[in-house]
Amino acid sequence: MSEEASNGDHNSAAKAPPTPSPLRFSKFFQSNMRILVTGGAGFIGSHLVDRLMENEKNEVIVADNYFTGSKDNLKKWIGHPRFELIRHDVTEPLLVEVDQIYHLACPASPIFYKYNPVKTIKTNVIGTLNMLGLAKRVGARILLTSTSEVYGDPLIHPQNESYWGNVNPIGVRSCYDEGKRVAETLMFDYHRQHGIEIRIARIFNTYGPRMNIDDGRVVSNFIAQAIRNEPLTVQAPGTQTRSFCYVSDMVDGLIRLMEGENTGPINIGNPGEFTMIELAETVKELINPEVKIISVENTPDDPRQRKPDITKAKEMLGWEPKIKLRDGLPLMKEDFRQRLGVPRKN
Ligand SMILES: O=C(O)[C@H]1O[C@H](OP(=O)(O)OP(=O)(O)OC[C@H]2O[C@@H](n3ccc(=O)[nH]c3=O)[C@H](O)[C@@H]2O)[C@H](O)[C@@H](O)[C@@H]1O
């Protein structure tokens with residue numbers, strides 16, 4: 001049905017030209033909520049953008065420098081009237097009129113964040129300062145994606161939000177984990193000093209389609225290795241544990257946190273805990289039973305165990321993950337197979 005017909009104004013051509021009603025145009029040109037997503041071209045960011053764009057009331061602006069993100073992750077939105085993509089590095093100030101800021105920008109894979117550690121800490125510290133400055137200026141609510149890495153190599157298990165962590169301040173991972181700790185401090189200082197509305201999510205290991213194939217993280221490594229029929233590289237000792245959250249659950253948690261009343265920090269992760277040997281065996285079973293599993297050298301300061309206590313997320317956000325590891329891993333197979341250019345076997 002056309003716009004005119006839906007207005008029921010069939011005789012309008014004979015009268016004075018109708019003044020466009022703001023209501024009619026609002027459907028196309030105005031949104032109820034303008035949202036900035038920094039790092040929106042990345043793995044979690046692009047899934048978040050997909051979910052935000054599903055709501056017709058949202059207009060989404062992505063700022064990304066494409067260091068680890070890719071336009072490919074957003075290709076279905078490019079050209080959409082409610083979507084805008086800006087090449088921007090958050091270490092430089094940004095001025096846009098927005099109501100909410102999801103601040104995700106920062107390389108999250110150890111290989112990438114250790115590649116240029118000075119840049120990583122600048123991204124966390126100066127980048128977060130810039131986004132807080134923007135939030136202050138335009139009165140936006142801001143959500144920081146912090147990390148389970150703020151707990152370091154944890155001395156309590158599972159980790160709840162009141163644990164202050166066990167982080168090496170001068171280690172090779174410090175650019176990331178200390179960077180995120182300072183980012184959290186900045187968030188609370190702006191909140192206390194300037195009344196900024198803040199939300200802090202502590203994200204635990206997340207997996208799903210669109211992870212960078214060669215970013216070195218364990219799930220993407222194992223899936224890519226299984227599809228290429230290369231040995232799965234378990235870093236010694238292999239008894240270290242992680243808890244893996246499927247990306248759709250993660251995005252759901254982030255949106256609930258942003259829309260809720262609690263500042264956080266709140267752990268968002270899946271409490272199912274696996275050793276890296278168990279993960280390798282599960283990938284072998286589900287993706288390629290022919291593949292070998294080998295032990296390789298580890299990197300310094302690798303946390304020995306990690307598992308979120310999600311009591312707070314359950315109580316404050318009514319959130320808990322729905323997708324089990326065994327159900328989530330096969331959902332990555334097709335995406336990785338296509339990007340690796342490996343033909344289907346059957
Ligand atoms: O994936 C994530 O969400 C997290 O990834 C990293 O944290 P990390 O837990 O060290 O992630 P991985 O690099 O995936 O390593 C997980 C475990 O797998 C092991 N690993 C990694 C790669 C590999 O090929 N084989 C392997 O056994 C590592 O030794 C480590 O014990 C980042 O530091 C976090 O900020 C980020 O949230």
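UniProt, in an unreviewed entry, places the feature "domain: NAD(P)-binding" at residues 36–330. The model shown here is a predicted one. In it, the C-alpha atoms at the two ends of residues 36–330 lie 31 Å apart. Helix makes up 37% of that span, and strand makes up 18%.

The ligand is a good place to start. It is surrounded by 21 residues. Asn 205, Arg 217, Val 218, Asn 221 and Gln 235 are the closest of them. Sorted by type, the shell around the ligand consists of 7 nonpolar, 10 polar and 4 charged residues. Two elements, α7 (218–228) and β8 (232–235), each supply at least two residues of this shell. The element that gives the most is β8, with 3 residues.

The helix α7 also leads away from the ligand, to another helix. Two packed helices are described by the angle between their axes and the distance between the axes. For α7 and helix α12 (residues 333–340), the axes come within 10 Å and cross at roughly 65 degrees. The crossing of α7 with α12 is right-handed. On the α7 side the contact is made by Ile 223, Ala 224, Ile 227 and Arg 228, and on the α12 side by Phe 336, Arg 337 and Leu 340. Of the residues in this contact, 5 are nonpolar, 2 are charged and none is polar.

A second pair is formed by helix α3 (residues 43–54) and helix α8 (residues 247–259), whose axes come within 9 Å and cross at roughly 65 degrees. Because of this angle, α3 counts as roughly perpendicular to α8. This crossing, too, is right-handed. From α3, the residues making the contact are Ile 44, His 47, Leu 48 and Arg 51; from α8, they are Val 247, Ser 248, Met 250, Val 251, Leu 254 and Ile 255. The contact of α3 with α8 has 7 nonpolar, 2 polar and 1 charged residues.

How are helix α5 (residues 117–138) and helix α6 (residues 174–194) packed? Their axes are 9 Å apart, at an angle of about 15 degrees. An angle under 35 degrees counts as roughly parallel, so α5 is roughly parallel to α6. In passing α6, α5 makes a right-handed crossing. Among the residues of α5 that take part are Pro 117, Ile 121, Val 125, Leu 129 and Leu 132, and those they meet in α6 include Tyr 176, Val 182, Ala 183, Leu 186 and Tyr 190. The residues of the contact of α5 with α6 divide into 12 nonpolar, 5 polar and 2 charged.

The loops hold some details of the backbone. Most residues other than glycine have a negative phi, and most peptide bonds are trans. Which peptide bond leading to Pro 158 is cis? It is the bond from His 157 to Pro 158, with omega near -10 degrees. Pro 158 sits in the loop between β5 (141–147) and α6. The bond from Gly 264 to Pro 265 is also cis, with omega near 5 degrees. Pro 265 belongs to the loop between α8 and β11 (266–268).

The last detail concerns phi. Arg 210 is not a glycine, yet its phi is positive, at about 80 degrees. Arg 210 is located in the loop between β7 (206–207) and α7, and α7 is one of the elements that supply residues to the shell around the ligand.

Key: Residues numbered from 1 in each chain as written. Predicted model: local features only at pLDDT ≥ 70, side-chain atom pairs only at ≥ 80, totals over all residues. Near = placed C-beta within 6 Å. Helix = DSSP H or I, 4+ residues; strand = E, 2+ residues; numbered from the N terminus. Nonpolar A, V, L, I, M, F, W, Y, C, P; charged D, E, K, R; others polar. Axes fitted to C-alpha atoms, helices over the stretch in contact; angles between N-to-C directions. Left-handed = near helix turned anticlockwise from the far one by under 90°. Contact = placed C-beta atoms within 7 Å. Parallel < 35°, antiparallel > 145°, perpendicular 65-115°, else oblique. UniProt positions renumbered as here; feature names shortened; annotations may be inferred.
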